[in-house]
Amino acid sequence: MVRAIPLLLMISLAACQMDSRQQILATSNSQAAQRAISTRVFDTADQQAVFRGVISSLQDLGFVIDRADNVLGTVSATRYGAQLVRLTVSIRPLGQTRIQVRASGQLNQHELSDPAPFQRFFEALSQALFLDANPID
């Protein structure tokens, strides 16, 4: 009986966890649809400008930057409030003249599949990149 208690505790704790495969299968969108929602390509070769634009866009949207790695091209951020929102953004060159930006997110520990937050982020990023490329005197 003494051995059964730790075993039952381990089984019940394991049943409460959701691994990444379960999270992927629990999404309401197909992988292709989610990729379309969360990915944009920008016609620029300046990866540094896109990296800075991602950071400033997230901050403008009320996120706190948790981690930013310029070498890997990743930014992780969290927005605190009534709902906890976490975004991770990756920046990758596509050939010589374009850059792909892909975002993934969680809303209260569940995959973020609603397109609206991604649209807001990409609109803010587009504006930041435009303003960076076209400074106003």
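Is V101 buried or exposed? Hold that thought for a moment while I set the scene. Hi everyone, what you see above is a predicted model, so please keep that in mind as we walk through it together.

Now back to V101. This residue is found in strand β5, and it counts as buried because its relative accessibility is 0%, with the cut-off for buried being under 20%. What surrounds V101? Setting aside the neighbours within four places in sequence, its contacts include S38, T39, R40 and F42, and also V50 and V54. V89 and S90 are on the list as well, along with F121, F122 and L125. Take V54 as an example: V54 and V101 are 47 residues apart along the chain, and their C-alpha atoms are separated by 8.9 Å.

Let's step back to the whole protein. The secondary structure comes to 5 helices and 6 strands. If you read from the N terminus, the order is α-α-α-β-α-β-β-β-β-β-α. There are 137 residues, and 28% of them count as buried. If we take contacts between residues at least 6 apart in sequence, 48% join residues at least 24 apart. As for the outside, the protein exposes about 9300 Å², with carbon and sulfur atoms supplying 56% of that.

Next, please find helix α5, which covers residues 115-133. I'd like to spend some time here. Its 19 residues, at 1.5 Å a residue, should span 27 Å, and the end C-alpha atoms are indeed 27 Å apart, so expectation and model agree.

Which residues of α5 are buried? They are P117, F118, F121, F122, A124, L125 and L129. Looking down the axis of α5, these buried residues fall within an arc of 160°, so they line one face of the helix. Here is a handy thing to remember: an α-helix has 3.6 residues a turn, so residues three or four places apart point the same way.

What do the buried residues of α5 pack against? Their partners are α3 (31-38), β1 (39-42), α4 (47-60), β4 (85-94) and β5 (98-107). You have already met three of these buried residues, since F121, F122 and L125 are in contact with V101. On the face of α5 turned away from the buried side, we find the exposed residues E123, Q127 and F130.

F130 also belongs to a nonpolar patch on the surface, together with L131 and I136, and the patch has about 360 Å² of accessible area. I136 sits in the segment after α5. At 72% relative accessibility, I136 counts as exposed, because the cut-off is over 50%.

How many salt bridges does a search of the whole structure find? The search finds 1. The side chains of R52 and D132 meet there, at 3.8 Å from N to O. The pair links distant parts of the chain, with R52 in helix α4, D132 in helix α5, and their positions 80 residues apart. R52 is partly exposed, at 46% relative accessible area, and D132 is partly exposed too, at 43%.

One last stop: the loop between β5 and β6 (110-111), where we find N108. Phi of N108 is near 50°, a positive value in a residue other than glycine. Q109 is found in the loop between β5 and β6 as well, and its phi is positive at about 70°, although Q109 is not a glycine. N108 is partly exposed, with a relative accessible area of 34%, and Q109 counts as partly exposed at 48%. Thanks for listening!

Terms used. Residues are numbered from 1 along each chain as its sequence is written. Side-chain values use heavy atoms; hydrogens and water are left out. Patches are made of residues with over 30% relative accessible area and no salt bridge: like charges are joined within 9 Å, nonpolar side chains (Val, Leu, Ile, Met, Phe, Trp, Tyr) within 5 Å. Accessible areas come from the Shrake-Rupley method with a 1.4 Å probe; for residues, only the protein chains shown count as cover. A salt bridge is a side-chain nitrogen of Lys or Arg within 4 Å of a carboxyl oxygen of Asp or Glu. Helices (H or I, at least four residues) and strands (E, at least two) are DSSP runs, numbered from the N terminus. Buried means under 20% relative accessible area, exposed over 50%, partly exposed in between (1.4 Å probe, protein chains only). The expected span of a helix is 1.5 Å times one less than its number of residues. The arc is that of the directions from the helix axis to the C-beta atoms. Contact means heavy atoms within 4.5 Å.
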